[in-house]
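User: Can you take a look at this one with me? I'd like to start with the cysteines.

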Amino acid sequence: MGRKKKRIQMCSGTLPFLKNCCDFLRDKQLDNGSWSNDILTSALALNALSSYLKSSKDKTLKQDIKRGEIFLKNTTNSLSDRIIKTKKLYANLDKISIDFG
């Protein structure tokens, strides 16, 4: 008698623990669309939710992702404006380029 071949079972659909992880992330999203008012944390959470969206049909997830995208856009625009208005920044860059020139 020969051994029976084992068949690999494939899972179709979204695994329940993945949905639970995304639900946890969504619960932690703040009203302003961020996670912890932090750009990096928000970007990582958005990356995870966007990946999950590919296998999900949850329409409210798109709204949460959009709120996070708006937070990131507004925050990076604000930071860019502050950097451009900083007069000392360019002077320091010139000094660095002269020192290492």
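Analyst: A disulfide here is a pair of cysteine sulfur atoms within 2.5 Å. The model is predicted, and by that rule the count comes to 0 disulfides.

User: What is the nearest cysteine sulfur to Cys 21?

Analyst: That of Cys 22, at 6.8 Å, and Cys 21 is in no disulfide.

User: And why is Cys 22 not bonded to Cys 21?

Analyst: Because the sulfur of Cys 22 is 6.8 Å from the one in Cys 21, its closest cysteine sulfur, which is too far for a bond. The cut-off is 2.5 Å.

User: Buried or exposed, what about Cys 22?

Analyst: Cys 22 is buried, with a relative accessible area of 4%. Cys 21 is partly exposed, at 44%.

User: Switching topic. How many helices and strands are in the chain?

Analyst: There are 4 helices and 0 strands. Read from the N terminus, the order of elements is α-α-α-α.

User: How do helix 1 and helix 2 pack?

Analyst: Helix 1 covers residues 16-28 and helix 2 covers residues 39-53; they pack at an angle of about 140°, with the axes 10 Å apart. The two helices are therefore oblique to each other, since angles count as roughly antiparallel over 145 degrees. Their crossing is left-handed.

User: Which residues make that contact?

Analyst: From helix 1, Leu 18, Lys 19, Cys 22, Leu 25 and Arg 26; from helix 2, Ala 45, Ala 48, Leu 49 and Tyr 52. By type, the residues of this contact are 7 nonpolar, no polar and 2 charged.

User: So Cys 22 turns up again there. What about Arg 26, buried or exposed?

Analyst: Arg 26, which lies in helix 1, is buried, with a relative accessible area of 17%. The cut-off for buried is under 20%.

User: What is Arg 26 in contact with, leaving aside neighbours within four places in sequence?

Analyst: Leu 49, Asp 58, Thr 60, Leu 61 and Asp 64. Of these, Leu 49 is on the helix 2 side of the contact with helix 1.

User: Last bit, the whole chain. What share of the residues count as buried?

Analyst: Of the 101 residues, 18% count as buried. Both Cys 22 and Arg 26 are classed as buried.

User: And what share of the contacts comes from residues 24 or more positions apart?

Analyst: Taking contacts with a separation of 6 or more, 54% are between residues 24 or more positions apart.

Note on methods
Residues numbered from 1 in each chain as written. Predicted model: local features only at pLDDT ≥ 70, side-chain atom pairs only at ≥ 80, totals over all residues. Heavy atoms only, no water. Axes fitted to C-alpha atoms, helices over the stretch in contact; angles between N-to-C directions. Parallel < 35°, antiparallel > 145°, perpendicular 65-115°, else oblique. Left-handed = near helix turned anticlockwise from the far one by under 90°. Contact = heavy atoms within 4.5 Å. Nonpolar A, V, L, I, M, F, W, Y, C, P; charged D, E, K, R; others polar. Buried < 20%, exposed > 50% of the residue type's maximum accessible area, 1.4 Å probe, protein only.
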